[in-house]
Amino acid sequence: MATNERSFTTNVWDFFCSLKLTLFLLISLALTSIIGTILPQGALPPEYVAQISPTKLQVYTKLGFFDMYHSWWFISLLYVFSLNLISCSIKRLPHVFKFISEPTLVLGEGQRNAFSLKKELSYSGSIEKGKERLVEFLGKEFSAPVITEHNGDYHLFSQKAAWCRLGVYVVHFSILVIFVGAIIGSLAGYKGFVTIVEGTSINAFEGRNGQQMPLGFEVLCEKFNVEFYSTGAPKEFRSTLTILENGKPVPGYSQVKVIVNEPLTYKGITFYQSSYGQANEGGEHFISVTPRDGGAPEKIAAHEGVVVTLKDGTTFKLLEATQEVRQFAPGFSGPAARIEVTRKGAAPQTFIAFKNFPEVNAQRGDALIFGYEGSSAKQYTGLQVAKDPGVWVVWLGCTLMVIGIGVAFFMSHKRIWVVVSKGHARMYGNASKNQAAFQMQFEDISEKFQEIKI
Amino acid sequence: MTSSMLFNITTFLYLISMIVFFAFLASKNKSLGLGGSFIAYTGLAVQTVAIALRWKESYDMGVGHAPMSNLYESIVFFSWTIILLFAYIDVRYKYRIVGAFVVPFALLGMAWAQLGMNTGIEPLVPALQSNWLLYHVITCFLGYAAFAVACGISIMYLIKTAIEGTDTSAQAGGLISMFPPLKVLDDLNYRSIMIGFPLLTLGIITGAAWANYAWGTYWSWDPKETWSLIVWFVYAAFLHARITKGWVGKRAAWLSVIGFAATIFCYLGVNLFLSGLHSYGGSKM
């Protein structure tokens with residue numbers, strides 16, 4: 001019974017340590033991850049729900065496919081992956097430490113045959129002299145050797161960068177550190193969204209689950225601007241924000257410019273420029289009406305969709321307005337409105353009135369010239385709100401990973417043995433990685449080795 | 001001289017280089033091999049000048065930015081890195097014949113970019129106005145190029161095993177006698193991935209850092225992010241497979257080809273078929 005139990009635990013242990021499990025997990029993670037890139041994640045768009053069959057929808061929902069990266073089975077895969085990493089390290093690290101701290105100082109006859117890099121030197125001096133000269137040689141050309149006397153021979157062992165065998169374990173450990181960072185972030189951090197209308201302030205934001213979360217301070221949006229390139233592509237979305245504590249601006253946090261790629265952080269909470277839009281749809285628009293035969297222009301307030309009657313009986317209606325017309329009318333820029341003008345007894349005419357192009361406005365209309373003077377409607381800025389105390393742990397993990405990969409991929413543990421016997425010495429070399437590069441170094445050393453006169 | 005003219009010359013040179021390499025493959029004439037390499041390097045030099053010139057031209061237009069901001073510019077950069085890595089293998093390991101299987105990837109990229117895409121210089125949209133753009137794109141594409149080279153070498157490996165397996169007489173001469181030995185191809189495949197994997201890792205990390213800086217989340221399971229992780233998993237599997245018995249050689253070559261297919265999907269497929277945060281990489285922009 002006892003042996004059975006032991007063999008069972010050993011089996012489980014071997015299972016978690018096995019490289020086969022690693023390969024299975026890596027390939028499973030790769031394959032299953034594809035699902036979430038094809039199926040929509042999170043809140044499903046109604047069009048998608050309409051097109052998919054109810055059975056499919058039910059099965060996919062049951063399997064967690066619509067939030068698969070947080071589904072029990074995906075998280076389980078990640079847990080088994082972590083267990084695999086930990087088990088492998090526990091199993092192999094002691095061997096590696098032993099390998100580093102207790103290197104093979106004496107090369108047996110059998111071991112010597114396994115080397116592809118070797119060189120022999122004959123000399124006429126005494127063995128003591130030979131040893132001294134070769135110790136000096138190794139120290140100068142490679143690194144200071146450890147000397148062991150064995151059966152009348154001297155075995156000189158020198159090595160470089162033995163510790164780089166730990167590189168791969170640093171990489172494995174770094175993955176666990178990143179996981180820990182992600183867990184801290186999901187437990188202690190939060191993400192949300194808030195919109196602030198120009199000239200107003202907020203003291204709470206909407207969390208992921210839709211509930212209002214207090215900030216503990218106020219954020220005032222002084223102004224929001226959009227700039228465009230001449231091609232019509234957006235150039236800059238800029239919010240000017242001020243942080244208020246007890247209604248007073250916080251020094252250093254007044255009139256701060258926040259653009260995409262330049263967020264604002266206050267008390268560990270960061271605000272990211274995310275979207276924008278026109279606040280209160282029913283705001284007032286201003287239209288200028290100028291008689292063509294001279295006379296002072298008249299400025300008239302209009303609401304979207306509401307008919308305005310002028311003195312001469314002409315009516316007009318503002319259909320829509322924009323603060324940047326470029327995307328609708330290439331070649332033009334700035335605020336503009338589409339208006340429908342109906343002269344008394346005539347058919348309605350629809351055209352665009354610009355703010356920045358009076359000469360274009362003058363080409364349209366008949367007795368009256370219509371221009372757009374802008375709107376009293378305010379814009380709002382949309383900001384992502386995030387706090388993630390785990391992010392530094394994640395960066396620590398990433399740094400460890402880069403260092404670990406650098407060591408594991410680009411450095412190698414190089415070892416050289418010289419067995420000094422009476423009348424001749426044999427040199428052997430080995431590298432843990434990139435044998436070809438080490439071969440060149442070894443050949444260099446070999447050339448000098450052969451020229452030694454003792 | 002404009003950058004777009006130089007890019008056309010580059011494309012033409014890569015075409016000639018590929019043809020000369022194919023002739024080299026068929027004739028085994030060493031001077032053809034030298035010619036193929038020489039033409040490819042000339043192309044690389046012209047392309048380097050063209051990229052620098054395009055960078056300068058963007059400043060002249062007043063929208064100055066590194067030429068890595070859309071699909072066209074990234075494909076051009078991708079081709080450039082492929083030839084650069086080929087040059088490294090050619091000079092370092094003296095296996096010129098690899099060019100016959102690697103130069104076509106660069107040519108394909110350049111031809112598609114020059115013939116099928118809008119080549120105009122566009123100003124940077126707000127999301128891309130960051131120094132992270134440079135670090136992120138350079139590391140990712142150097143990684144992609146290393147995987148492209150590994151894929152070309154793996155195809156050579158698979159062709160060689162297929163022909164040698166069925167036809168013993170081919171061992172004496174024939175087309176594949178120019179190929180490096182299988183052991184060398186396997187080793188070169190491994191080496192290329194040893195270069196690509198750290199670069200991909202850096203690419204993912206710089207991307208995460210940038211995302212965190214710009215959006216407040218270092219990872220949001222956006223399709224591009226997920227696919228880069230899938231590629232990472234595949235090559236991580238490749239690296240671990242090599243230390244298990246029975247996974248060197250043919251299986252490793254297949255994993256390398258699959259890895260590159262996933263890379264290409266991550267790079268192009270995600271932009272063309274899926275939607276997400278990397279939409280500016282699409283060809284319509």
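Select helix H8 of chain A, residues 167-188, in this predicted model. H8(A) has 22 residues. From first C-alpha to last, H8(A) reaches 31 Å, close to the 32 Å expected at 1.5 Å a residue.

Next, show the side of H8(A) that is buried. Pick Gly167(A), Val171(A), His172(A) and Ser174(A), then Ile178(A), Gly181(A), Ala182(A) and Gly185(A); these are the buried residues of the helix. An α-helix has 3.6 residues a turn, so residues three or four places apart point the same way.

What do the buried residues of H8(A) pack against? Add two helices of chain A to the selection: H5, residues 72-101, and H10, residues 391-410. Both pack against the buried residues of H8(A).

Now zoom out to the whole of chain A. Color by secondary structure: chain A holds 11 helices and 21 strands. The radius of gyration is 38 Å, well over the 22 Å that the globule rule gives for 454 residues, so chain A is more spread out than a compact globule. Along the principal axes, the C-alpha atoms of chain A fill a box of roughly 125 × 65 × 50 Å. Buried residues make up 24% of chain A. Turn on contacts between residues at least 6 apart in sequence: in chain A, 57% of them join residues at least 24 apart.

Move to chain B and color by pLDDT. The average is 86, and 92% of the residues score at least 70. Then select residues 280-285 of chain B, where the pLDDT is below 50. Beyond near neighbours in sequence, this stretch has 14 contacts in the model. Where pLDDT is low, the predicted coordinates should not be read in detail.

Last stop, the whole model: ipTM is 0.86 and pTM is 0.83.

Terms used. Residues are numbered from 1 along each chain as its sequence is written. Chains are lettered from A and ligands numbered from 1 in the order in which they are written. This is a predicted model: local features need pLDDT of at least 70, side-chain atom pairs count only at pLDDT 80 or more; totals for chains, interfaces and linings use all residues. Helices (H or I, at least four residues) and strands (E, at least two) are DSSP runs, numbered from the N terminus. The radius of gyration is taken over C-alpha atoms; the globule rule is 2.2 Å times the number of residues to the power 0.38. A residue is buried if 20 or more other C-beta atoms lie within 10 Å of its own, exposed if 12 or fewer, and partly exposed in between; C-beta atoms are placed from the backbone. Two residues are in contact if their C-beta atoms, placed from the backbone, lie within 7 Å. The expected span of a helix is 1.5 Å times one less than its number of residues. pLDDT is the predictor's confidence in each residue, from 0 to 100.
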